[in-house]
Amino acid sequence: MRIAAVRLQAYRLPLVAAWTSALGGFTAREGWLLRIDSEDGRSGFGDCAPLPGLVGESSAVAGQALERWREQLPAQSLADALAGLQQTPLAAQAPAACAAVECALLDLLAQAAGLSLRGWLARNCASRPAPELTDSVAVNATLGALAHLSDTALAAGISDAITKGYRVFKLKVGVAAATAEASRLRSLAALLPADCRLRLDANGAWDECCAEQFIEACAGMPIDSLEEPLADSADQAAFLATLRRLQDRATFPLAIDESWPRLADAAESFFSAPPVHRLIVKPPRHSGLLPALALARSAAASGMDVVVTSSVDSACGVLAVAQLAAVIDAERRTRGSAALTHGLATSPWLASDTGAAPVLAEGRLFLPAAHGLGFQPLDTFFA
Ligand SMILES: O=C(O)CCC(=O)c1ccccc1C(=O)O
Ligand SMILES: [Mg+2]
């Protein structure tokens with residue numbers, strides 16, 4: 001099956017409230033929806049919305065890469081386009097753009113095979129025998145930055161999330177003083193139902209001393225995990241050694257998220273003795289769903305937990321990551337472990353979207369039954 005046309009549509013989606021973290025924030029998400037039409041009249045979709053410093057390349061680099069692919073892809077077969085995608089230097093230079101192209105190609109291949117995208121991944125790329133998929137994945141509620149929530153707003157946010165069936169609540173920390181944040185968390189933790197946990201993300205806010213103080217202060221609290229406790233350092237060996245020391249002291253998993261790209265070159269030695277217990281996987285950072293699945297499998301084989309998250313992405317981007325989460329969960333269950341909770345409940349942060357976002361209920365994200373990705377853009381896109 002050949003590619004007939006490639007179309008791009010830029011978008012800007014305002015948030016319902018400002019997103020803040022130790023790495024700054026944003027009030028809107030900007031990116032492109034990519035549509036690839038095949039000669040048989042089907043359309044596949046991909047989302048490209050990098051967040052420089054957090055996920056992927058700059059917008060300028062992403063835009064140029066998407067233009068290049070728009071010129072190069074027509075008349076290629078889907079299989080050739082997919083096989084060639086990771087071979088070009090553009091794949092590493094523009095991982096978010098590459099992920100969008102890959103997603104649209106996989107959408108078309110899965111539709112042509114009469115399979116959901118997760119079904120296609122499970123059949124073509126996952127372990128043998130193909131793991132048994134579920135149609136929903138557990139997700140955390142995404143509450144925002146602790147420092148920017150009043151006690152009242154925080155209590156209301158948690159109680160609303162509990163009503164909606166969430167059991168894991170994600171909060172950004174590292175915005176105010178670490179000791180003050182830890183003592184607020186302690187008061188909050190005392191009010192949580194027994195089966196609920198806090199998932200924290202410092203986005204690299206702290207030096208070793210601060211991180212250690214925070215982690216000590218959290219001892220005994222129902223913490224699911226803490227992402228990126230440690231500020232970037234030019235000395236990679238020292239960074240990893242400090243993370244390892246912090247993980248040894250913590251009673252909960254520490255997670256690597258945005259510092260992965262600097263560690264990826266030494267992935268083999270990293271996975272031979274992982275310094276932390278958890279890796280956050282974001283396909284637009286890793287050039288697509290297939291490289292992200294390969295990375296997730298390396299991490300899982302090393303004993304790490306793998307959590308996939310979106311980055312307040314549009315419905316198209318969230319669906320792609322959620323399809324991957326279903327496959328990662330299924331493989332984890334075949335190893336006898338319970339599925340983890342993923343960071344995919346970000347759509348409520350968007351005041352408008354590119355299409356229908358996946359249904360969130362009972363603390364889970366429900367995947368569409370449709371063949372392919374299951375994304376349909378609003379009529380205003382590609383009009
Ligand atoms: O995981 C979630 O629930 C929300 C995702 C999230 O925290 C995030 C959103 C945008 C950019 C970076 C991050 C991050 O995990 O650091
Ligand atoms: Mg994070």
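In this predicted model, D257 touches E227, E228 and I280, if residues up to four places away in sequence are not counted. D257 itself sits in the loop between β8 (254–256) and α10 (260–263). With 23 C-beta neighbours inside 10 Å, D257 counts as buried, because the cut-off for that term is 20 or more.

One of the residues that D257 touches, E227, deserves a closer reading. E227 belongs to strand β7, which runs over residues 223–227. E227 is buried, since 27 other C-beta atoms lie within 10 Å. Apart from its neighbours within four places in sequence, E227 is in contact with L200, D201, A202, A255, D257 and I280.

The UniProt record connects some of these residues. In an unreviewed entry, UniProt places the feature "binding site" at D201, E227 and D257. These residues span 57 residues in sequence, yet no two of their C-alpha atoms are more than 9.3 Å apart, so they gather at one spot.

From E227 the reader may move to A202, which is among the contacts of E227. A202 is found in the loop between β6 (197–201) and α8 (208–217). A202 is buried, with 26 other C-beta atoms within 10 Å. When neighbours within four places in sequence are left aside, A202 is in contact with A22, V173, G174, L226, E227, E228 and P229. By contrast, the C-alpha atoms of A202 and S116 are separated by 35 Å, and these two residues are 86 residues apart along the chain.

The loop between β6 and α8 also holds N203. N203 has a positive phi of about 45°, although it is not a glycine. Why is that worth noting? Most residues other than glycine have a negative phi. N203 counts as buried because it has 23 C-beta neighbours inside 10 Å. A positive phi also appears at V312, where the value is about 55° and the residue is again not a glycine. V312 is placed in the loop between β10 (305–308) and α13. With 21 C-beta neighbours inside 10 Å, V312 too meets the criterion for a buried residue.

Another annotation concerns two lysines. Which residues does the UniProt annotation "active site" cover? In an unreviewed entry, the annotation covers K172 and K282. K172 is placed in strand β5, residues 168–172. K172 is buried, as 26 C-beta neighbours lie inside 10 Å. Residues up to four places away in sequence excepted, K172 touches T20, S21, A22, G144, A145, L146, D201 and N203. Two of these names have already appeared: D201 is one of the positions that UniProt lists under "binding site", and N203 is a residue with a positive phi.

K282, in turn, is placed in the loop between β9 (278–281) and α12. K282 is buried, with 27 other C-beta atoms within 10 Å. The residues that K282 touches, not counting those up to four places away in sequence, are V55, T309 and S311.

The loop that holds K282 leads to helix α12, and the next step is to see how this helix meets another. The axes of α12 (residues 289–301) and α13 (residues 315–334) come within 11 Å and cross at roughly 30°. Angles under 35 degrees count as roughly parallel, and α12 and α13 are therefore roughly parallel to each other. Their crossing is right-handed. On the α12 side, L289, A292, L293, A296 and A300 take part, and they meet A320, L324, V327, I328 and R332 in α13. By class, this contact has 9 nonpolar, no polar and 1 charged residues.

Both helices also receive residues from α5, residues 117–124. The buried residues of α5 are L117, R118, W120, L121 and A122. These buried residues pack against α4 (95–113), α12 and α13.

A wider view closes the tour. UniProt lists residues 151–250, in an unreviewed entry, for "domain: Mandelate racemase/muconate lactonizing enzyme C-terminal". The end C-alpha atoms of residues 151–250 lie 26 Å apart, and the span is 51% helix and 15% strand.

Note on methods:
Residues numbered from 1 in each chain as written. Chains lettered and ligands numbered in written order. Predicted model: local features only at pLDDT ≥ 70, side-chain atom pairs only at ≥ 80, totals over all residues. Axes fitted to C-alpha atoms, helices over the stretch in contact; angles between N-to-C directions. Helix = DSSP H or I, 4+ residues; strand = E, 2+ residues; numbered from the N terminus. Parallel < 35°, antiparallel > 145°, perpendicular 65-115°, else oblique. Left-handed = near helix turned anticlockwise from the far one by under 90°. Contact = placed C-beta atoms within 7 Å. Nonpolar A, V, L, I, M, F, W, Y, C, P; charged D, E, K, R; others polar. UniProt positions renumbered as here; feature names shortened; annotations may be inferred. Buried ≥ 20, exposed ≤ 12 C-beta atoms within 10 Å, placed from the backbone.
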